[in-house]
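Hi everyone, thanks for coming. Please have a look at the structure on the screen, and I will walk you through it.

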Amino acid sequence: MNAKAKLIVVVGPTASGKTSLAVLLGKKFNGEVISADSRQVYKGMNLGSGKVTKKEMEGVPHHLLDVADPKRTFTASHFARLGRKAITGIVKRGKTPIVCGGTGFYIRALVDGIVIPDAKPNPKLRKKLEKMSVNELFEILKSKDPERASTIDPKNPRRLIRALEIIDALGKVPELKKHPLPYPTLFIGIAREKETLKALIEKRLKARIKLGMLSEIKRLHTQGVSWKKLESFGLEYRYGALFLQKKIDKETFMRELTKQIFDYAKRQMTWFRPDTRIHWIKKPAEAEKLVKKFLS
RNA sequence: GCGCAGGUGACAGAGCGGUCAAUUGUACUAGACUGUAAAUCUAGCGCCUUAACGGCUACGAAGGUUCGAAUCCUUCCCUGCGCA
């Protein structure tokens, strides 16, 4: 449609300041933000997921927030579909889409357009397969689709089960294909020293708790989100749920959660680090400069 | 001062003559990622070596016994508990 349309992607570990950078860029460069965060898509999960508030948006429209019900399962596939739609809309309006988030897989699915095999989650089959050992699962996979077996992590039950699920629906796991978005794309990554990040994580966690993060979790539970589900969301929701059920005490809650968030940040970096397209910046001004040049 | 127990890698804690650079947990570090991705999974973790069934230094310290010691003996240092 718009031959001149360009895309900006902001990534970085949790608590690095992506949200405010995206808003800043949105304001300066007439953009709209597409959140790429696997937890912020859920309604009612605000404080625990670090969702931007209306006020913090400063008038910059945000997409892909509150698009899912936490009682149901939302996936990368849904995200890619909705994200694509949102970006098309933004481009049509003559504005610049800014994808911003910490979920590497979602960003890859959306921006690089990896074609996720068209096999819906099959809870019945999953339940059955979950009872088997990794070795058994791997043996079955090897006999049914040796190609996928040769590339898969043979010890990861989740991957194994999904592969078998795809085979159940499609016969075999299709070769990985990509349909990237057709826009020139600038990748910006927020770099943070380990110690700095640690401090930011601690500070942010304390602030969230003060704002009522735990009552938010309690409310979700009251509204019908099971403890089990909340625990599966990880981090704030997992440890918050454990604490509210009195499975852990306050001290353990704080200590473990802080550590887990930091570990998560490291995992995020493992994901982003090898991506050579990313321009790592330390200050918002650097990002501004990059974007200015990129858009001109 | 006497009696008993004990000192092991970042910490906790196994090992009690060879197969031990030393089980395990935690911590730490790195990595993977085809519809759960804040999830799920993997690897490394004394030093040297690209790596090794390779070399070196190691189980409080110093000696000793033995073909061989983290493991046995002696002395010393330190810690805990009991009695003075």
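**A walk from the RNA to the sheet**

Let's begin at the surface near RNA strand B, where helix 3 (76–92), helix 4 (104–112), helix 7 (146–151), helix 8 (157–170), helix 12 and helix 13 (250–272) each supply at least two residues. Helices here are DSSP runs of H or I with at least four residues, strands are runs of E with at least two, and both are numbered from the N terminus. Before going on, please note that this is a predicted model, in which local features need pLDDT of at least 70, side-chain atom pairs count only at pLDDT 80 or more, and totals for chains, interfaces and linings use all residues. Residues are numbered from 1 along each chain as its sequence is written, while chains are lettered from A and ligands numbered from 1 in the order in which they are written.

Which residues come nearest to RNA strand B? They are Ser38, Arg39, Ser49, Gly234 and Leu235, out of 51 around the strand; a residue counts as near if its C-beta atom, placed from the backbone, lies within 6 Å. By class, this surface has 20 nonpolar, 15 polar and 16 charged residues.

Helix 12 (residues 235–244) also packs with helix 10 (residues 213–222), at an angle of about 80° and with the axes 10 Å apart. That makes the two helices roughly perpendicular, a label for angles of 65 to 115 degrees. From helix 10, Met213, Leu214, Ile217 and Lys218 meet Glu236, Tyr237, Gly240, Ala241 and Leu244 of helix 12.

Now the domains of chain A. The assignment gives domain 1 (7–116 + 177–192 + 270–295), domain 2 (123–170) and domain 3 (194–268). Between domain 1 and domain 3, the centres are 23 Å apart, taken over C-alpha atoms. In contact there are 17 residues of domain 1 and 25 of domain 3, where contact means C-beta atoms, placed from the backbone, within 7 Å. Helix 13 gives the most to domain 1's side, with three residues.

Last, the sheet: it is open, with six strands in the order 3-2-4-1-5-6 and parallel pairing; strands pair if DSSP finds at least two bridges between them. Strand 3 (62–63) and strand 6 (278–281) stand at the edges with a single partner strand each, so one side of each has no neighbour in the sheet. Strand 2 (residues 31–35) joins strand 3 through two bridges, and Ile34 has His63 as its bridge partner in strand 3.

Notes. Axes fitted to C-alpha atoms, helices over the stretch in contact; angles between N-to-C directions. Parallel < 35°, antiparallel > 145°, perpendicular 65-115°, else oblique. Contact = placed C-beta atoms within 7 Å. Nonpolar A, V, L, I, M, F, W, Y, C, P; charged D, E, K, R; others polar. Domains from an automatic or database assignment.
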